[in-house]
Amino acid sequence: MDNIINVADVSLTIGKTKILKDIDIGFEKGKIHGLIGRNGSGKTMLLKCICGFVKPTGGMITVNDKIVGKEIDFPQNMGIIIETPGFIPYYSGYKNLKLLAGLNKKVGKAEIVQTMEQVGLDPSLKRHVRKYSLGMRQRLGLAQAMMEDPELLILDEPMNGLDKDGVNEIRQYLLSLRKKGKTILICSHSAEDIEVLCDTVCEMNRGSLSRIKCSN
C-alpha cells in the first residue's frame, strides 16, 4: 500500500484536555478518504496537524515521506479548506485568487479562470467577495484549494452552504479528480457525501479514530 499520509501514534493535549489520543492510520494515494464524527470529536484538529498548522504533543505525521514539523513545516503540493476560507472582502473572487496565486507563482490567469469555472463561478464577475453568498464563498474556497492542481486535497466540510445542484456539481468534480490520481481527505456531516465519494471512512470519537469502511 502506497500511503501519501501516515499518522503514527499521534496525540495532542491542550491544557488538561486530550484532543487526540494515539492516532495511528495511513491514507493511500489516489483515493478519497472520509472522516466523520460529532463536533468536538477531533476531526478538524487532526487535519490541522496533518497540514502543519498545529504541532502534535506526541507521535509523528509524514506526508510524502517527509516528517511534518521537522523535515517540512507545511506539506508541499497540498490544497486546503479548513473552517471558513478567508478572503479580502472588497476584492472580486478572481482578484483574490490572482493575489494568492502570486505567492507561489505556479499558475496564471488561464488556470485561475478554468478552476473558477469548474467550481461554478464566473471569473468575470466584478462583485466584491463581501457580497457573495455563503455558497459562493465556499466555491471560491474550493477554487483556491484546487487552482494549483495539488496532488493532495484536505477538505473540511467542502459542501457547506451549497444548494443541491451545487453539491452534485462539486461531488462530480471531486470524483473526476480521483480519476486523475489525486488524493482527497474530506470531513463531512453529510452521510450521502461520504457514501457517494469515499473509498475509505474513519470515525472519530472523543479524540480516538477507527476505520469503519475500506475499499477493496
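Helix 2 and helix 3 cross in a right-handed sense in this predicted model, and their meeting is a good place to begin. Helix 2 spans residues 93-104 and helix 3 spans residues 109-118; their axes come within 10 Å and cross at roughly 130 degrees. An angle over 145 degrees would count as roughly antiparallel and one of 65 to 115 as roughly perpendicular, so helix 2 is oblique to helix 3.

Which residues in helix 2 and helix 3 meet? From helix 2 come Gly93, Tyr94, Leu97, Lys98 and Ala101, and they face Lys109, Ile112, Val113 and Met116 of helix 3. Sorted by class, this contact has 6 nonpolar residues, 1 polar residue and 2 charged ones.

Now let us turn to the sheets. One of them is an open sheet of 4 strands, with antiparallel pairing and the strand order 2-1-4-5. Its edges are strand 2 (17-28) and strand 5 (66-67), each of which pairs on one side only. At the strand 5 end, 2 bridges connect that strand to strand 4 (residues 58-63), and the two run antiparallel. If you would like to find this spot in the structure, look for Val63, whose bridge partner in strand 5 is Lys66. Helix 1 (residues 43-51) packs on this sheet, where it touches strand 1 (3-14), strand 2 and strand 4. The direction of helix 1 makes about 120 degrees with that of strand 1.

Another open sheet has 6 strands, in the order 6-7-8-3-9-10, and its pairing is mixed. Here the edge strands are strand 6 (78-81) and strand 10 (208-213), each paired on one side only. On average, and ignoring direction, neighbouring strands of this sheet are turned by 15 degrees against each other.

Following strand 3 is a handy way to read this sheet. Strand 3 (residues 32-36) pairs with strand 8 (residues 183-187) in the parallel sense, over 4 bridges. Gly34 has Ile186 as its bridge partner in strand 8. Strand 3 also pairs with strand 9 in the parallel sense, again over 4 bridges. For that pairing, Ile36 can serve as your landmark: its bridge partner in strand 9 is Glu203.

From strand 9, the next step along the sheet is strand 10. How many bridges join strand 9 to strand 10, and do they run parallel or antiparallel? There are 5 bridges, and the strands run antiparallel. One of the residues to look for is Val201, which has Lys213 as its bridge partner in strand 10. Strand 9 and strand 10 form a hairpin with 2 residues between the strands, and in this hairpin Arg206 takes a positive phi near 55 degrees.

Helix 1 returns to the story here. We met it packing on the sheet of 4 strands, and it also lies across strand 3, strand 6, strand 7 (152-156), strand 8, strand 9 (200-205) and strand 10. Relative to strand 7, helix 1 runs at about 150 degrees.

Finally, a look at charged pairs. Side chains of opposite charge can pair when their charged atoms come close. The whole structure has 7 salt bridges. Among them is the one between Glu169 and Arg139, whose closest N and O atoms are 3.1 Å apart. This pair links distant parts of the chain: Glu169 sits in helix 5 (residues 164-179) and Arg139 in helix 4 (residues 134-146), with the two residues 30 residues apart.

Definitions and conventions: Residues numbered from 1 in each chain as written. Predicted model: local features only at pLDDT ≥ 70, side-chain atom pairs only at ≥ 80, totals over all residues. Heavy atoms only, no water. Pairing = 2+ DSSP bridges. Contact = heavy atoms within 4.5 Å. Axes fitted to C-alpha atoms, helices over the stretch in contact; angles between N-to-C directions. Parallel < 35°, antiparallel > 145°, perpendicular 65-115°, else oblique. Left-handed = near helix turned anticlockwise from the far one by under 90°. Nonpolar A, V, L, I, M, F, W, Y, C, P; charged D, E, K, R; others polar. Salt bridge = Lys/Arg side-chain N within 4 Å of Asp/Glu carboxyl O.
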